[in-house]
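Here are some exercises to work through at your own pace. Have the viewer ready, try each task, and then read the solution.

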Amino acid sequence: MNIKSILLIDDEINLAQVVAVCLESFKGWKVTVANSGKEGLRLLETIKPDTILLDVMMPDMDGITVYQNLQKNPDTQHIPVIFLTAKVQVSDRQRFAQLGIVGTIAKPFEPLKIADQIAELLDW
Amino acid sequence: MTSPTLDSAITILIVDDSEEDRVTYMRYLKSDISRSYHFLEASTLEEGLNFWRSHHPDLVLVDYSLPDGEGLELLEAMGEGVLVPKLEAIVLTGHYGNEQLILQTMRLGAADYLSKSEVTALSLCNRVGRVVDHLLLSRKLQRLQNQEIVMAKIALHIRQYFDLDAISNAIVQEIRIFLKADRTVIYQFNPDMSGVVIAESVLPPWETCLHRQLSDEYFPENMGGEYREGRVFVAPDIYKANLSECHVQMLEQFPTRASLIVPILRPNHLDNPLWGLLCTYQCFEPHLWDELDIRLLQQLSVQLAIALQQAELYRNLQNSNTDLENRVAERTAELFKRQQESIALIENSPNLILRLDRQLRHLYINSAIEKILGIPPAAFIGKTFREMGLPERSILIAEDTIRTLLITGIPQQYEIDFPLSDNRGIAYYQVSVIPEYDADGEIATILMVYADITSNKLGEIALQEAHRRWQSLLDNVRLIVISLDNEWKVEYANPFFLESTGYELEEVIGKDWLSCFVPQTEQVKITQDFIGFMGNPEQFHKYYQNSIVTKTGQERVVSWNNTILRNHNGEIIGTISIGEDITEKLKVERIKSEFISIASHELRTPLSSIRGALGLLASGVLANQPEVAQHMLNIASSDTERLVRLVNDILDLERLESNNVTLNRQWSDTSEICQQVIETMEAIAAESQIEIISNVPSQQIFADRDRIVQTLVNLLSNAVKFSMPHSQIHLEVEAITDEIIFRVRDHGRGIPESNLESIFERFNQVDASDSRQMGGTGLGLAICRSIVQQHGGKIWVESVVNQGSTVSFTIPHRI
């Protein structure tokens, strides 16, 4: 079983670091953390993760814009994306689903549970 | 009584003692076929005289020499009593050429003489014929003269009498005498063509038939038959007139032998001109009616018809006169009755009624005054209001009004109240002052009627009061009140609506509610709802919420409570709506709910990382990774710190905004305050290599010193966070007339203009992540604003992106 690689893009630095440690410790996945959309896009020029966890509400560049950039790029458009969002209204979920993402995980997420949620969404 | 002759033959009395001569004369005369003679023969003078007296022959042929005397004696008898007689007599004599004899006969009045020797058929016929011609002519003239007399008499009767009966009686009398008839009647038809005899002149011994009803079936059947055409019925002998059996029977009722009947026609009655019949009868003997008699009767019937019309007119006139008199009498009686009723009505009227002369003295006053003032009416007569000591105000108004009335002649009206006797309260009266004129058109007297309107007045006052209260409520209530008509035009808008929207009243009344005051986006829905409601009033939305547009174009959300207005027939005439402006309430609610949503997120984010970090440590997976475990502990610790700050700020802000904090105001010196702030911030600033420059004058300020320090520290720490290393931050204080201005000026990255207002909102930093990255809670500026506002001051920011920002706030010297 090859080791899954994950890119986590979230401006909540502390929470992102806790999540990264959780995923690495419990699942053995390799997690890269970016604290802004721009940083995430820059990292993607060098790494090709198996999935991207993308926070929607971020300063500078929001998650939707990041996702649209990913879709324009042939190198990144095939990478499954999971949104991390505080917007958990049904209408928001439907809107996000139409974008072609894999799923959403409500924020603020539980670091101890998020690994199982990701595995379920991606059939890992 | 004259025996009527059956034909018009001339009766000739021949007096001659020679029978042979008599026969000869008769034969000669009969030979004249142009005439018809009837002969009487006498052979002696005496016999001749007897015949003359008894038979009144038309002509006498007398022999001069008679056995018992001279023929001249007969002439003398004939001309007796006449001064110059003219006799229808021809004297026959044997003495040819005796002039003495001729002279004698002429003097006696004989018409002619003839010598017996000259007598031939021709000569006799000529002589007799000439006399007879003369005789007939003179008789005819006589008759015409008589007729004219009768006509004149009758015309006189008609002019003398207007009474139909008198005229009718006079006419039948004249006619019967003139025609020498036994009976003359006027017969009048009833509308059904039966009839009655209304006037009669009859000779004894014949029975009167006056007022006899005749029911001849002949007349009703043909409506008078040929009589209607003016045809005359002439029967010399009814038994030879070829009459019907029933007609004969009818005529026998009178009885009748000969009859002459002319119709009486009224030419102006076209439907049935036949009024009646003028009938003349010979009762016993046949009678040949003379053509002149017939024509006379016809003329008389015309006269009679004129008389009838005249009489009818007269009768109608009399009837209408009587009618008029009766009516006048009736009216007079009614008038009297009315007058009595009026007097009773006036006397018992609840209204006070009085009449004054021009000097304002009472001529009359009804008994109502006793009930009102307790003074009997009699006490007022001849007195003025003033002499009666009535209330001064009522006297002045009455005098003034009557003065106006006397000048203008126009009836006046006014209202007055005065106290009732025995402390029964105040009564209100509407007073009508009415002029009454004399025959010359001058105002003679003044009528005053005091109508008691107390109950109306009290009702009116109550109504006014109710109305005033409503008006006051509508004017002062802090709710919008709008009334619309059926076409949604504004009929009423209360002052609060005007205040809320900035419109003037005239900009609102009569305007279309939807297009003028409702945002375009909501018009369609409201219109649909309105149409639905008009179709079915049960569906009327009693409660409704929609926005209205103010004069400046702002939208205000209003919660309406609507009521349908109906007229007294129950028809819908419009709506009245009471509305509450809930715009601010909604805004507060929205902010509150957003705050809770954001606050919960902000609180849960550090909580999640604390829980995750501690969960990892607790699970033991990090047992072999002490560095990672330490990192997790640091994160948990840092986020715990953040959580504490956040909870403190939220509670602080909540206390400030709910006014649960009482400021601890005291007099302080601004320089001391700023010194304390700089001391607090110096270390942090130095850490960021930032210099704080302050130039603060010493000013006394009445404020909560700790809160002012908290505000300035907050502002300075923000400035430090957003300033580049080696830059400067300025803290300045300026005292102006009413307040002291504090300024914190940095040279940081600045704030976009669109965010200058919102940075003071809770969690509404320009950049949400900034505060977290800078260690803030996102509530600092909100808390600052709250503190400043608590002091009665203002806070604002001026900024140029990439050049720096200046946050200023004011604290008034006194609140």
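**Exercise 1.** Which residue follows H5(A), and is its phi positive or negative?

*Solution.* Keep in mind that this is a predicted model. Go to the end of H5(A): the residue that comes after this helix is A:Asp123. Its phi is positive, near 55°.

**Exercise 2.** Find the buried residues of helix H5 in chain A and explain how they are arranged.

*Solution.* Step one: walk along residues 114-122 of chain A and pick out those under 20% relative accessible area. You should find A:Ile114, A:Ala115, A:Ile118, A:Ala119 and A:Leu122. Step two: look at their directions around the axis. They lie on the same side of H5(A) because their arc spans only 135°. An α-helix has 3.6 residues a turn, so residues three or four places apart point the same way. Step three: see what this side meets. The buried residues of H5(A) pack against helix H1 (13-27) and strands S3 (51-55), S4 (81-85) and S5 (103-106) of chain A.

**Exercise 3.** Describe how chain B and chain A meet.

*Solution.* Begin with the residues: 24 of chain B are in contact with 19 of chain A. Next, take the area. The two chains bury about 1,700 Å² between them, with 63% of it on carbon and sulfur atoms. On the chain B side, B:His601, B:Ser608 and B:Leu616 lose the most area to chain A, together 25% of what that side buries. Finally, consider charges: there are two salt bridges between the chains. One of them joins A:Glu12 to B:Arg642, with the closest N and O atoms 3.7 Å apart.

How values were computed:
Residues are numbered from 1 along each chain as its sequence is written. Chains are lettered from A and ligands numbered from 1 in the order in which they are written. This is a predicted model: local features need pLDDT of at least 70, side-chain atom pairs count only at pLDDT 80 or more; totals for chains, interfaces and linings use all residues. Side-chain values use heavy atoms; hydrogens and water are left out. Contact means heavy atoms within 4.5 Å. Buried area is the accessible area (1.4 Å probe) that two parts lose on being put together, summed over both. A salt bridge is a side-chain nitrogen of Lys or Arg within 4 Å of a carboxyl oxygen of Asp or Glu. Buried means under 20% relative accessible area, exposed over 50%, partly exposed in between (1.4 Å probe, protein chains only). Helices (H or I, at least four residues) and strands (E, at least two) are DSSP runs, numbered from the N terminus. The arc is that of the directions from the helix axis to the C-beta atoms.
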